[in-house]
Amino acid sequence: MSSEPTSSASEQSPTSPASPRSLHLPENRRTRDRSPSPMRGYLIPSPLPTRRTRTFSATVRASEGPVYKGVCKCFCRSKGHGFITPADGGPDIFVHISDIEGEYVLVAGDEVTYKMCSIPPKNEKLQAVDVVITHLAPGTKHETWSGHVISS
């Protein structure tokens, strides 16, 4: 084994080595090289525009658009999103928790009205905005945002 020059105690942390090479691993073991990701250490913003992060122009375009009808396919309150099946067919539309109007949390089977906004950066997919529950799904328990449970 070759000896490396040691540095003073003030330069190194007592709990972690200065580099993986200073661990003196057995010669038959290789150190794992880390991937050269340019984004390591940076917080990558979510690509989904919520009500807080949506631009003013996107909000205006969505509010001027037509109102669509659909049925809630699924919604997960803990994840904060779900999907709406359009009444006229087509692919499911993404819905974020911040875009739901009213006092109830969406449940599968709820009839809703909504407007649509494209999702950046490519603007190929759509997101439901200004979602309003028009009819609660019968026979299900609905929860308000404050946590009260109501049977319908």
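Reader: Hi! Which residue stands opposite His-81 over in β3?
Author: Hello! That is His-96. Strands such as β3 are DSSP runs of E with at least two residues, and helices are runs of H or I with at least four, all numbered from the N terminus.

Reader: Before we go on, what kind of model is this?
Author: The model is predicted, so local features need pLDDT of at least 70 and side-chain atom pairs count only at pLDDT 80 or more, while totals for chains, interfaces and linings use all residues. Residues are numbered from 1 along each chain as its sequence is written, and side-chain values use heavy atoms, with hydrogens and water left out.

Reader: Thanks. How many bridges pair β2 with β3, and in what sense?
Author: β2, residues 81-86, pairs with β3 over 4 bridges in the antiparallel sense. Two strands count as paired if DSSP finds at least two bridges between them. Ile-84 also has a partner across the way, standing opposite Ile-93 in β3.

Reader: And what's in the turn of that hairpin?
Author: There are 6 residues between β2 and β3, and Gly-89 in the turn has a positive phi of about 90 degrees.

Reader: What about the β1 and β2 side, which glycine sits in the turn there?
Author: Gly-80, with a positive phi of about 85 degrees. That hairpin has 4 residues between its strands. β1 covers residues 68-76 and pairs with β2 over 6 bridges, again in the antiparallel sense. Gly-70 stands opposite Pro-86 in β2.

Reader: Which residues of β2 are on its covered face?
Author: Gly-82, Ile-84 and Pro-86. His-81, Phe-83 and Thr-85 make up the uncovered face.

Reader: And the faces of β3, covered or uncovered?
Author: Both are covered in β3, which runs over residues 93-96. Ile-93 and Val-95 are buried on one side, and Phe-94 and His-96 are buried on the other. Buried here means under 20% relative accessible area, exposed means over 50%, and partly exposed is in between, with a 1.4 Å probe and protein chains only.

Reader: Which other strand does β3 join, and how does it run?
Author: β3 is joined by 2 bridges to β6, residues 125-135, and the two run parallel. Gln-127 in β6 is the bridge partner of Phe-94.

Reader: New topic: how many aromatic pairs are there?
Author: The whole structure has 2. One of them is Phe-83 with Phe-94, which is edge-to-face because the ring centres are 5.9 Å apart and the planes are at 75 degrees. This pair ties together parts that are 11 residues apart in sequence, since Phe-83 lies in β2 and Phe-94 in β3. Rings of Phe, Tyr and Trp (its six-membered ring) pair if their centres lie within 6.5 Å; planes under 30 degrees apart are stacked, over 60 edge-to-face, and the rest tilted.

Reader: How accessible is Phe-83? And Phe-94?
Author: Phe-83 is partly exposed at 30% relative accessibility, whereas Phe-94 is buried at 10%.

Reader: How many disulfides should I expect to see?
Author: There are 0. A disulfide would be a pair of cysteine sulfur atoms within 2.5 Å.

Reader: Why is there no bond between Cys-72 and Cys-74?
Author: The sulfur of Cys-72 has its closest cysteine sulfur in Cys-74, but at 6.5 Å that is too far for a bond. Cys-72 is buried at 3% relative accessibility, and Cys-74 is partly exposed at 33%.

Reader: Last residue: where is Thr-140, and what does its side chain reach?
Author: Thr-140 is in the loop between β6 and β7, the latter being residues 141-143. Its side chain reaches the backbone oxygen of Ala-137 at 2.7 Å. The Thr-140 side chain also makes a polar contact with the side chain of His-142 at 3.3 Å. A polar contact is a pair of N or O atoms within 3.5 Å; within protein, one must be able to donate a hydrogen and the other to accept it, and residues adjacent in sequence count only if both atoms are side-chain atoms.

Reader: Great. And what's the overall pattern along the sequence?
Author: It reads α-β-β-β-β-β-β-β-β, coming to 1 helix and 8 strands. Of the 152 residues, 24% are buried.
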